[in-house]
Every structure is written in C-alpha cells, then in structure tokens.
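Biologist: Could you take me through the ligand site in this one? I'd like a close look at what surrounds the ligand and who touches what.

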Amino acid sequence: MQYWNPTYECMSREEMTRVQTERLINTVKRIYHNVPFFRDKMQKKGVEPGDIKSLDDLKKLPFTYKQDLRDTYPYGLFAVPLSEIVRIHASSGTTGRQTVVGYTRRDIDTWAEVMARTLTCAGASKESFIQVAYGYGLFTGGLGVHYGAERIGASVIPISGGNTKRQLQIMKDFGTTILACTPSYALFMAEEMEEAGIKKEDLKLKAGVFGAEPWSENMRKEIEERLGILAIDIYGLSEVIGPGVASECPCKCGMHIPEDHFIPEIIDPVTEEVLPPGAKGELVFTTITKEGLPIIRYRTRDISSLNYEVCECGRTSVRMDKVSGRTDDMLIIRGVNVFPSQIESVLLEIGETAPHYLLIVDRKDNLDMLEIWVEMTQSMFSDEVKRLEDIERKIRKEIEGTLGITAKVKLVEPKTIERSEGKAKRVIDKRKL
Ligand code: DLL
C-alpha cells in the first residue's frame with residue numbers, strides 16, 4: 001500500500017489526539033484574538049480560549065455557518081493581515097453572496113500536502129500523468145488538485161473543464177493515467193468517447209479522483225466499467241480548504257480525513273447534539289492548522305457518518321461515509337424526505353436507460369408532484385412504444401417501492417438533458433418560484 005505521509009496517515013489514536021489537542025488550543029486562541037466576529041460569538045456563548053483544554057471541549061465552541069461568511073463578506077473572518085494572503089477563492093452558491101476564502105503561503109502548502117495524500121490514495125506517483133478537468137478559477141477544484149499533483153512530482157495536464165473532444169484527444173495523445181473531474185463529467189466523457197470511437201483500451205487511464213457533487217455506488221460501477229479504471233470518491237469544500245478534506249483509498253470503504261488538519265464531528269442538525277461514531281447526521285469541521293481562514297465547527301449541511309476503525313489499507317485516520325445528501329437540498333415531497341442520489345441509485349440499478357436524469361418538482365392543487373425525466377439510450381430510441389412504456393412503468397414502480405413516493409416518469413430523447421462540465425444540476429424545484 002502506498003502512503004504519502006505515513007507518519008500522520010497511520011498515527012496511533014493517542015498520538016493523533018495529542019497532536020489535535022495542541023493544534024486546537026492554538027487555533028482557538030488565535031481566532032479569538034484576531035477575528036472580532038468570532039470573539040463576539042464565543043463571548044455570547046460564555047466560552048473563553050482557556051476553557052478549551054481537550055478535544056472534548058470542542059463541543060463548547062459556537063458553530064460557524066455559511067451565512068457568517070456572507071455577513072462578513074468579503075474578508076471579515078480572515079485571521080491574518082491581508083498582506084499575508086496569497087490566494088483567494090470563492091464558491092458561487094445558488095443564492096446570496098459568494099463565499100470568499102483566503103489562503104496564506106502556509107495554507108497553500110497544507111492544501112498541497114492533503115491533496116498529495118488524496119492523489120496517492122488513487123495510486124498517483126511521480127510517474128503519473130494527471131489530467132485536471134476540474135474548473136480552474138475561483139472554484140477550488142482545478143488549482144487544488146493541481147498543487148497536490150505537482151507536490152507528488154506527477155506530470156500535470158491543467159486542461160480545466162469543458163471542450164470534451166479535446167479532453168479525449170489529449171487523454172489519448174498525452175497518455176493520461178489519472179483523471180480528475182466531477183463524476184457526472186467523467187460519465188459524459190465516457191459517453192463522448194464511445195461516440196468518437198475511442199476504446200478504453202486505447203487509453204492509459206488507470207484511476208479517477210471524482211468529487212464536488214454526490215454520486216452513488218451504481219454510478220461508480222458505471223464509470224469504472226466504461227472507462228476501465230478505479231474510481232475514487234474525493235470530498236472537500238472551499239470553507240475548509242477545497243478538495244483534500246477527505247478521500248477514499250483503493251478499499252473504497254469510506255473517505256479518510258487528514259485529522260492532523262481537520263477535526264470532523266457528526267451532529268444532529270436539529271438538536272445540534274454531537275452524535276456517536278456510526279450515526280448519520282450533519283458533518284461539521286474544525287480546521288486546526290489553517291492561518292488565513294481558520295474555521296471553527298463549520299456546518300457543512302452534508303450528511304454522512306464517521307468510522308474510527310482502522311482501515312484495511314493500514315491508515316488509522318477516521319473515515320467519513322459517502323455523502324448521502326444535504327440537510328438543505330433534501331427534497332420533501334408530500335412529506336417524504338427524498339435525496340436525488342436515492343433516485344439516481346434506482347435508475348442505475350434498473351440500468352435500462354442512460355444515466356442522465358432531471359427531477360422536476362412542482363405543486364398542483366396544493367399537492368407536490370414529482371416528475372422524473374430519464375434519458376433513453378440511442379438503441380432504446382428506436383424501440384417500440386410498448387417497450388418504452390414498460391420501462392417507464394418499471395422505474396415508477398421501483399421508485400414507489402424504495403422511496404414510497406409516486407412519480408411521473410418520462411423517457412426523453414438522447415442528449416436532451418443538459419450536460420455539465422462541472423457540478424450537475426439534477427433538480428428543478430418549481431415550488432419555490
Ligand atoms: O466542491 C471542492 C471540491 C473540488 C471537492 C473538487 C472535491 C473535488 P465547494 O464548491 O465549496 O467545494 O462545494 C462544497 O460540494 O459541501 C458538498 O455538498 C459537495 N461535495 C464536494 N465533494 C463531494 C463528494 C468543492 N465527494 C460542497 N460527494 C460540499 C458529495 C460533495 N458531495
């Protein structure tokens with residue numbers, strides 16, 4: 001098994017607790033003195049830096065919300081003078097102001113370190129050719145993977161997202177061995193590849209590091225088969241650092257968190273109580289080495305659980321389960337909580353359609369209606385109407401059986417659902433309009 005930094009990745013729990021405690025105490029002191037917004041929050045809660053003596057004291061600290069970053073836009077939560085900031089990123093979000101994040105030189109170094117661990121998990125080495133098809137720019141995906149890949153000494157192909165034909169040409173000609181992009185874009189590339197007559201055997205591709213959006217086990221299977229690779233789930237968010245917050249290893253049984261930099265917790269999003277290992281809830285992160293924008297108990301809204309058992313790969317770091325949805329984009333349809341990923345799972349399980357779908361939620365006569373558009377494959381397109389109706393019925397029954405909701409299923413022509421080169425848009429909720 002390959003590790004990037006075995007000292008930390010395979011550290012004993014006692015030693016890790018010692019490292020984390022010391023770093024947490026320092027972070028809280030620093031943020032209390034340097035960020036008035038956070039000092040106010042602590043004072044309102046009646047907590048002082050001196051109260052934080054162990055990891056158990058973490059729960060005494062106030063939470064940080066995305067709204068806090070918006071309220072202090074753009075630089076209000078930065079903990080160093082702006083002259084120390086060497087990079088700024090931002091996440092667009094769907095509503096409200098952008099969330100702005102800043103990095104010091106050391107933060108960029110930390111980011112390269114955690115991304116080097118992530119890429120090593122996927123088998124990357126000095127010999128690898130890493131095609132970075134995440135977007136470069138304010139989004140953290142492109143540059144985050146880029147710096148990690150350079151840290152390893154791999155050859156980086158900084159192509160950014162888009163222009164799929166060119167992506168495939170370069171993948172073939174330059175001998176790309178690792179692909180980095182969103183899972184939906186990977187699937188789109190596989191589709192275009194088949195159309196362009198490129199076979200997976202024509203490529204040197206061995207693995208992919210896919211993340212930035214939720215995806216199911218079935219989607220993984222589909223990508224792995226069609227591209228002939230190992231597909232690894234990688235997780236991250238700009239507020240914590242970007243990609244590099246967690247990554248699967250080849251065992252594919254949860255994503256390892258570099259705990260010497262980020263402390264995770266799982267809480268009940270309603271009662272805000274900290275939940276035990278294994279319990280599903282909202283993921284919360286505290287950064288313990290970041291300088292520019294250290295963040296305490298950040299509410300990610302992502303739903304996951306934590307597993308502290310030592311992994312078969314030998315890493316001792318805690319693993320977070322695949323993100324199963326978000327507390328906020330969870331759809332509630334006639335009182336039933338529905339995550340788009342659950343519907344995706346059903347569609348891929350049935351496997352007769354193309355893996356592209358769109359959920360349209362509307363309200364008619366005070367009743368929620370769910371319509372699922374699923375794309376036909378090219379071969380289905382020439383099928384008899386009766387067979388198509390059978391497939392629609394099958395999907396409807398399966399959704400009803402597993403999720404307990406009725407939906408209208410509509411098979412649409414190949415290529416009608418808009419493709420994304422970044423994060424896929426899977427839901428149109430007309431009820432909000
Ligand atoms: O998406 C960082 C990233 C870039 C991660 C490239 C992985 C690869 P943001 O734009 O701030 O940052 O969006 C963060 O995306 O809170 C999750 O809801 C979602 N997300 C990220 N990775 C995954 C994943 C980047 N592997 C938000 N599975 C997070 C599910 C993910 N959701």
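Modeller: Quick bit of bookkeeping before we dig in: Ala, Val, Leu, Ile, Met, Phe, Trp, Tyr, Cys and Pro count as nonpolar, Asp, Glu, Lys and Arg as charged, and the others, Gly among them, as polar. On that split, the shell around the ligand has nine nonpolar, six polar and five charged residues. Keep in mind that this is a predicted model.

There are 20 residues around the ligand, and the ones that come nearest are Asp233, Ile234, Ser238, Asp302 and Lys423. Ile234 also shows up in the polar contacts: one of its polar backbone atoms is 2.7 Å from a nitrogen atom of the ligand. Ala212 uses its backbone too, with an N or O atom 3.0 Å from a ligand nitrogen. With Arg326 it's the side chain, where a polar atom sits 3.1 Å from an oxygen atom of the ligand. As for cover, the ligand on its own would expose 610 Å², and the protein buries 93% of that.

Which elements supply the shell? Two of them give two or more residues each, α6 (140-152) and β7 (230-237). The top contributor is β7, with five residues.

Zooming out, the chain around this site has eleven helices and 21 strands. Its radius of gyration is 22 Å, close to the 22 Å the globule rule gives for 433 residues, so the chain is as compact as a globular protein of that length. Of those 433 residues, 55% count as buried.

Methods:
Residues are numbered from 1 along each chain as its sequence is written. This is a predicted model: local features need pLDDT of at least 70, side-chain atom pairs count only at pLDDT 80 or more; totals for chains, interfaces and linings use all residues. Side-chain values use heavy atoms; hydrogens and water are left out. A residue is near a molecule or strand if one of its heavy atoms lies within 4 Å of it. A polar contact is a pair of N or O atoms within 3.5 Å; within protein, one must be able to donate a hydrogen and the other to accept it, and residues adjacent in sequence count only if both atoms are side-chain atoms. Accessible areas come from the Shrake-Rupley method with a 1.4 Å probe; for residues, only the protein chains shown count as cover. Helices (H or I, at least four residues) and strands (E, at least two) are DSSP runs, numbered from the N terminus. The radius of gyration is taken over C-alpha atoms; the globule rule is 2.2 Å times the number of residues to the power 0.38. Buried means under 20% relative accessible area, exposed over 50%, partly exposed in between (1.4 Å probe, protein chains only).
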